Amino acid sequence: MSIARNCKHAGMLMLTVALTACTYMPDTRQTRNVVLLIGDGMDAHQITIARNYLVGPTGRLALDDLPGRADVGVVTLDEQTPGVFRYVPDSANTATALATGTATSRGRVATAPRTDVDLPTIVELAAAAGYRTGVISTAEVTDATPASFVAHIAGRWCKTPRDMGRNPLCANDRVEAGGPGSIARQLAGSDLDLLLGGGREDFGEGDGSPRALAETAGFTVLTTAADLAAASPANRWLGLFTEGNFAPRMVGEDGRTAEQVGEGGAFPAPMTCVDNPGASGQPGMLEMTRSAVARLTQDPGRGFFLMVESALIDKASHVRNPCSSIAEVAQLDEALRFLVNFADGHGETLIIVTADHTQAAQLVPNTSLYQNLGDPVHTPGRIARIQMPDGTLMGVNYATNSYFVEEHTGAHVPLHTNRPELLAGFLTQSDVYGVMRRFLGL
């Protein structure tokens, strides 16, 4: 949706924000850039697990060398009852808070609970003010986090035209009802300069498909890493590099994930993390980020806003796959190292690394400290005993439920930044949005 639609339809609740977005133009003599890196589900456990595996407990990630630290509170509203909170979020409501500065309820994509009012996003405000804008994800680009920076819809499940017809939550957003249509359709009609990630199947083929609409709107569709390397900076890019989500770069050997403790308290055998052949051919997060920055800096004196999501930390945790989460933190850290070097040469660049929510993985002893005190003592969930590069074992536990997929948890999330004077102490996700907006002068 364009910012003009927000200004026209935002309503009284959003009048002040909408008017600001419609009337303010920043001083483009001063080029400013904001890069928001979101590690989906990347809490302190995920960072520590990855650090231990990648560089050892005394090693340092690029994340560790950023000078600014803060804790970020996550606020989730109840969909039905005003003033009532929920304490465990999803990616849609948390990404919406980061993208719009407004807390909402689970499942909502840049819309308010109950009223269904569209919430202008920082991407839309930045584009309207003359900034270049981009969104990158290792998930489907129609997934909750990237969608919340660009689209407006009542439910994160309203991703494709087919979803719109079969899901009653999508009813008010159907084109036939005067709505903006599916997430894929809204992305195709957005003002983004680039959108890179997975989800090719969500855009379809043929006349009237979101892919066709995107091409009509001026996007060049990229489907391979070679396409990305050869893409003209004069064009807008829609990168759809995989049918669904990206494949993780690393998995457990023989497809192993965390396992239940056996009969009599026998712990699972140690697991080795191995490279995933299924990830070959898709561009890495570093590759996409480097290309995006080159594309967004084509205009001298014109800054940019870029959101980069490392999505598979969360998706791997849902299926109890610690090796894939580790590999995804490594991807984020590689992209961050490049961005820090970029910022060193472009002084008015704000980098923020944070998470949308916490996840199920816990760093635990690889066997219980109490196992020899009589009755066998062990996790009631599932545990992976990961073979570390130094020959030791690291225990990663999952125990939010007994279902086939783990759930999010509700703790505050970490924040790291290269501008410690701007973010420190304890903030909410809506406060983080405010810092980015003020930095860009929106």
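Okay, one term before we start: when I say two residues are in contact, I mean they have heavy atoms within 4.5 Å of each other. And keep in mind that what we're looking at is a predicted model.

So let's begin with one residue, Gln-331. You'll find Gln-331 in helix H13. Buried or exposed, this Gln-331? Buried means under 20% relative accessible area. Gln-331 has a relative accessible area of 3%, so it counts as buried. And what does Gln-331 touch, once we leave aside its neighbours within four places in sequence? The answer is Thr-138, Arg-249, Gly-284 and Met-285.

Now, stay with H13 for a moment, and bring in helix H3. H3 covers residues 44-54, and H13 covers residues 322-345. The two pack with their axes 9 Å apart, at an angle of about 85°. That angle makes H3 roughly perpendicular to H13. On the H3 side, the residues in the contact are Gln-46, Ile-49, Ala-50, Tyr-53 and Leu-54. They meet Ser-325, Ile-326, Val-329 and Ala-330 of H13. If you sort that contact by class, you get 7 nonpolar residues, 2 polar and no charged ones.

H3 has another partner, too. It lies across strands E14, E15 and E16, and it runs at about 55° to E14. Those strands belong to an open sheet of 4, in the order E10-E15-E16-E14, with antiparallel pairing. Which strands are at the edges here? They're E10, residues 259-260, and E14, residues 362-364, and each of them pairs on one side only. In the middle of that order, E15 (residues 382-387) and E16 (residues 393-398) run antiparallel and are joined by 6 bridges. To pick out one pair, Arg-385 has Gly-395 in E16 as its bridge partner.

Okay, on to the other sheet. This one is open as well, with 10 strands and mixed pairing. Reading across, the order goes E7-E8-E6-E5-E12-E1-E13-E17-E2-E18. E7 (219-222) and E18 (425-428) each have a single partner strand, so one side of each is left without a neighbour in the sheet. From one strand to the next, the twist averages 20°. There's a helix packed on this sheet: H11, residues 285-296, touches E5, E6, E8 and E12. The direction of H11 makes about 165° with that of E5.

Let's look at E1 in that sheet, residues 33-39. How many of its residues are buried? It's 7 of 7. Both faces are covered: Asn-33, Val-35, Leu-37 and Gly-39 are buried on one side, and Val-34, Leu-36 and Ile-38 on the other.

E1 also has strands on either hand. With E13 (residues 349-355), E1 runs parallel and shares 7 bridges. With E12 (residues 304-310), E1 pairs in the parallel sense, again over 7 bridges. Val-34 is a handy marker for both: its bridge partner in E13 is Leu-350, and in E12 it stands opposite Phe-305. Then E13 goes on to pair with E17, residues 413-417, this time antiparallel and over 3 bridges. Val-353, for instance, has His-416 in E17 as its bridge partner.

Last stop: helix H4, residues 91-100. Here 10 of 10 residues are buried. Among them are Ser-91, Asn-93, Thr-96 and Leu-98. What covers the buried residues of H4? The cover includes our strands E1 and E13, along with strand E3 (76-77) and helices H5 (122-128), H6 (144-148) and H14.

H14, residues 429-440, deserves its own slide. H4 and H14 pack with their axes 6 Å apart, at an angle of about 30°. Angles under 35 degrees count as roughly parallel, and H4 and H14 are therefore roughly parallel to each other. Their crossing is right-handed. H4 brings Thr-94, Ala-97, Leu-98, Ala-99 and Thr-100 to the contact, and H14 brings Gln-429, Ser-430, Val-432, Tyr-433 and Met-436. By class, that comes to 6 nonpolar residues, 4 polar and no charged ones.

And that's my tour, thanks everyone.

Definitions and conventions:
Residues numbered from 1 in each chain as written. Predicted model: local features only at pLDDT ≥ 70, side-chain atom pairs only at ≥ 80, totals over all residues. Heavy atoms only, no water. Axes fitted to C-alpha atoms, helices over the stretch in contact; angles between N-to-C directions. Parallel < 35°, antiparallel > 145°, perpendicular 65-115°, else oblique. Left-handed = near helix turned anticlockwise from the far one by under 90°. Nonpolar A, V, L, I, M, F, W, Y, C, P; charged D, E, K, R; others polar. Pairing = 2+ DSSP bridges. Buried < 20%, exposed > 50% of the residue type's maximum accessible area, 1.4 Å probe, protein only.
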